[in-house]
Amino acid sequence: MTVIVSQLFTGVSIGAVLLLIALGLSLTFGQMGVINMAHGEFIMAGAYTVFVLQKVITDAGWSLLVALPVAFAVAGLMGVLLEYLLIRRLYARPLDTLLVTWGVSLILQQLARDIFGAPNVQTRAPDSLTGNIKITDDLVLSNNRLFILTLALLAVLALTLTLRYTSLGRRMRAVVQNRDLAAVSGIPTGRVDRLTFFIGSGLAGVAGVALTLLGPIGPTMGTNVIIDAFLVVVAGGIGHLKGSVIVAFALGTLQSLVEYSTTVSVAKVGVFVAIVAFLQWRPQGLFTLRTRSLA
Amino acid sequence: MLDFRGRWKAALLPLAAVVALSACGSKTGENESSTGAVADTSGDTVKVGLLNSLSGTMAISEVTVRDSIRLAVDEINAAGGVLGKKIEPISEDGASDWPTFAEKAEKLIREDKVAAVFGCWTSASRKAVKPVFEENKALLFYPVQYEGLEQSPYIFYTGATTNQQIVPGLDYLKAQGKTSVYLVGSDYVFPRTANKIIKAYAQANGMTVLGEDYAPLGSTEFGTIVNKVKASKASAVFNTLNGDSNVAFFKEYKSAGLTAASMPVVSVSIAEEEVKSIGTQYLDGQLTAWNYYQTTPGAANEKFVKAYKAKYGQDKPTSDPMEAAYVSVYLWKAMVEKAQSFDVAAVRSASDGVTFEAPEGLVTIDGATQHIYKTARIGKVGSDGLITEVWNSGQPVKPDPYLKGYPWATGLS
């Protein structure tokens, strides 16, 4: 029983990581339809932000807290720059966007290598996050995973509220659902696109901050997670936050439960098979968005 | 949307051209290498090759090995060289890519006509260059601990084989009464072979292996593996993870509430350099199995550490593979001087019994296996990031790459 509970906790926390890395993508890929291969590098930028900030702010706890908004801004601005310089010109050509952003991703990786060196780097975690909460001797919930879970849920909440209740959110939805009609209604679609891209990329930066608590920071850390992020968004249903949330937690739990009784590789295969089977059943993903632009 | 096909083709065309070109390139290379190469030692200097990854994922470790080889070369040159000739090192970048290693080895042997090559780190790179050295009858000095079960006439192995590192590590655990172990490793040849040996040892020595898990190289998600380790209630963990996975593993290990006191981890791929990058807060008190630590006592080590820090910086630690690489250059020099020749066949036949007062203590070449006698040492990571010895084998252990001297190991090779 203890084992199942602790595995469920691990699963939920893997889900939270998946959710964080996929959340930004569900905006840029899900809502806008841009296949941005450099999304992983925005995650990397967020992670390196923590590394750089720790050189300035020596207290590990404060540097982590400060890093959250700073990483959001850094990754977000990189996103806006990418949107403004390249993607804006390629909205009607998804395949070209894929190739171009992949190229950008390679350039950003090499840039990180040149700036920070080829070897991976580490950050110090605050002491309050390296500990755990003991429920029984066998069942402990580690603080860093609880922190990531909270962060993921807060990010979802903030994004949902923004999309649903702010005028920016209304405009974003309007542009997604019918760009031409939004434009003739007086919505500056170009500016809305840029803002959406800013928020989506910024969330990738926040995910990067979270990942520093679990593993090393390196030029290729983005590529390692980008596939998972796309999986979550595709299986969740393009354009649906709700779908991404459910799929992220479902995949995390599936992964951890299968892995417990088998091995890492088998669990990975299991997850992929489950997704393929699922997409056979529901090719549009968990939820289908009825829009005119993506149909 | 209709022109997708055409675009794909356009994008694939240059790719296809590159593939075709590189295929031609490798073919001509094969044709040239039908005869053995002869080292050119006619000049005032003798060339040696340094073959290490100076870029890519392995660079963090291999650059330090290159640096210690350079240190040895400089010291030897300052003392007059080998057989009156100064050593001229030629450094090549293997770029953490195994075919590149083979290509650069070929270049060092055939174009530069070096007398010997020092380098390689991963077993994959060693396996990639092995046929090149055998075909050209050239010499490679390999300085890293490895999984054993190999013995090439053209390779000298100056790192530990399994009976000088893994077996003593297990002996130590057994002596401490830690008789149930959990095996965690990266998913490639070294950890899998090592764990095969550990399981055979356990069966013969009354130890139980409670579980075995492999994570893909570079994996950073260890939640489930650590849960499994914890639930197994093993008395110790034997860790053959390589590279950055160790960072994620030890972070998870600590936050799950496991400590060196409750369940110690014995690692075989974590040396001083890695301790620094993983973070001492996660490794305090954990165990390692090697043949050398920066803290190993003795005048030879004091000199080595001092010279290394003077050349490369006071904050740079020295580690086992670095020491083995440093030693390999001196051993080559001693062999050449004994043979009075740079000729590969002469050097090889002079190898048996050649000794060197190394930083790790006296090392002797075993001519039959071309490995060296090394003292096994178990160390404990201190809060200062250095590793201090808690046990050693007392005397250098005879290398036994195929574990022929261990009845339980029959059938492994």
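## A tour of chains A and B

Begin by selecting strand β14 (residues 377-381) of chain B together with strand β15 (residues 387-392) of chain B, which run antiparallel and are joined by 5 bridges. Strands, like helices, are DSSP runs numbered from the N terminus (strands: E, at least two residues; helices: H or I, at least four), and two strands pair if DSSP finds at least two bridges between them. The model is a predicted one, in which local features need pLDDT of at least 70 and side-chain atom pairs count only at pLDDT 80 or more, while totals for chains, interfaces and linings use all residues. Residues are numbered from 1 along each chain as its sequence is written, and chains are lettered from A and ligands numbered from 1 in the order in which they are written.

Stay with this pair of strands and pick out single residues: Gly379(B) stands opposite Glu389(B) in β15(B), and Lys380(B) stands opposite Thr388(B). The two strands form a hairpin with 5 residues between them, and in the turn Gly385(B) has a positive phi of about 90 degrees.

Next, widen the selection to the sheet, where 7 strands of chain B form an open sheet with mixed pairing, in the order β7-β6-β8-β9-β10-β14-β15. Because β7 and β15 of chain B each have a single partner strand, they stand at the edges, and one side of each is left without a neighbour in the sheet.

Now select α2(B) and helix α12 (residues 320-339) of chain B, whose axes come within 8 Å and cross at roughly 35 degrees; axes are lines fitted to C-alpha atoms, for helices over the stretch in contact, and angles run from 0 to 180 degrees between N-to-C directions. Among the residues that meet here are Val65(B) and Ile69(B) in α2(B), and Tyr326(B) and Val329(B) in α12(B), where contact means that C-beta atoms, placed from the backbone, lie within 7 Å.

Then show both chains, since their contact takes 32 residues from chain B and 32 residues from chain A. On the side of chain B that touches chain A, the elements that each supply at least two residues include α1 (4-32) and α2 (59-78).

Finish in chain A at Gly169(A), which lies in helix α7 (residues 167-177) of that chain. Gly169(A) counts as partly exposed because it has 17 C-beta neighbours inside 10 Å, the limits being 20 or more for buried and 12 or fewer for exposed, with partly exposed in between. Val192(A) is 23 residues apart from Gly169(A) in sequence and 9.3 Å apart in space, C-alpha to C-alpha.

How values were computed:
Contact = placed C-beta atoms within 7 Å.
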